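Here is a short tour of charged pairs and nonpolar packing in one protein chain. Please keep the sequence and the 3D view open as you read.

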Amino acid sequence: MLNVIYTGQKIISDGDEHRYVLVRTWKNPICAPKNRIAWIGMNPAPLTKDGGCRTLTQIESLSRKEGYDSFVMLNLYSKISKTPRELNDAMTVVDARNDDYIRKELGKASRVVCAWGDRCCVKGFSKRVRDILKLLKGRKLYCLEFTAKGNPIHISRVNGEMVLHIWRNVFCAD
């Protein structure tokens with residue numbers, strides 16, 4: 001029996017201010033992952049010394065339960081911050097490299113889960129969601145639940161069992 005190997009990869013900016021991609025794989029290292037799920041959140045949180053956080057632990061758990069051998073974490077905004085409110089202080093412009101990485105990583109994923117929640121406190125949030133939805137055009141999108149405004153709920157806000165649902169992509173960011 002082969003041991004399950006856990007590997008991770010992240011793509012960050014100089015100075016570690018932005019994280020564009022975070023990949024987690026649990027598989028035989030001889031084989032490349034063949035069944036990847038992509039998650040799109042709001043913004044990357046700082047990682048602990050062991051490279052994790054509560055959100056990533058929840059995402060990995062559900063990704064494994066759904067039968068995937070890896071996940072990629074992408075975000076509307078690449079700026080690393082503890083809360084989305086910090087994005088207003090740190091940036092008002094979206095880093096174009098983020099969209100390039102999103103396009104590239106979506107090509108490797110068999111399913112896309114949207115999980116950015118309602119974060120209207122961030123300047124330009126509605127426009128950013130519209131821009132991401134353009135990148136996702138033609139893809140079947142999933143989410144865990146819906147916010148009261150119809151947006152895909154953030155994984156940390158899910159109460160009870162986590163189940164993927166088709167998100168009809170009815171844009172309701174405001």
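The report below takes the salt bridges before the nonpolar cores.

**Salt bridges**

Please bear in mind that this is a predicted model. Searching the whole structure gives eight salt bridges. Three of them are set out here, with the distance between nitrogen and oxygen.

| Pair | N to O distance |
|---|---|
| Glu 105 and Arg 36 | 3.5 Å |
| Arg 128 and Asp 99 | 2.6 Å |
| Asp 131 and Lys 127 | 2.9 Å |

Let us start with Glu 105, which forms a salt bridge with Arg 36. This pair links distant parts of the chain, since Glu 105 sits in helix H3 (residues 96-106) and Arg 36 in strand E3 (residues 36-41), 69 residues apart. Both Glu 105 and Arg 36 are buried.

Next come Arg 128 and Asp 99, whose side chains meet in a salt bridge. Here, too, distant parts of the chain are linked: Arg 128 belongs to helix H4 (residues 125-135) and Asp 99 to helix H3, with their positions 29 residues apart in numbering. Are these two partners buried or exposed? Arg 128 counts as buried because its relative accessibility is 2%, and Asp 99 counts as buried because its value is 16%, the cut-off being under 20%.

The third pair, Asp 131 with Lys 127, lies within helix H4. These residues are four apart in that helix, so about one helical turn separates them. Asp 131 has a relative accessibility of 22% and therefore counts as partly exposed. Lys 127 is partly exposed as well, with a relative accessible area of 49%. Elsewhere, salt bridges with shared partners join Arg 36, Glu 105 and Lys 108 into one network.

**Nonpolar cores**

Now to the nonpolar side chains. In soluble globular proteins, such side chains tend to be buried together. In this model, the largest nonpolar core has 27 residues. Those with the most contacts inside this core are Met 42, Leu 74, Leu 76, Trp 116, Phe 125 and Leu 136.

Which elements give two or more residues to this core? They are strand E2 (19-27), E3, strand E4 (70-75), H3, strand E5 (109-114), H4 and strand E6 (141-143). The largest share, four residues, comes from H4. Helix H4 also holds Arg 128, the salt-bridge partner of Asp 99 in H3.

Another core, of 20 residues, lies apart from the largest one; among its members are Ile 59, Phe 71, Ala 115 and Ile 155.

Terms used. Residues numbered from 1 in each chain as written. Predicted model: local features only at pLDDT ≥ 70, side-chain atom pairs only at ≥ 80, totals over all residues. Heavy atoms only, no water. Salt bridge = Lys/Arg side-chain N within 4 Å of Asp/Glu carboxyl O. Buried < 20%, exposed > 50% of the residue type's maximum accessible area, 1.4 Å probe, protein only. Core = buried A, V, L, I, M, F, W, Y, C linked by side-chain atoms within 4.5 Å.
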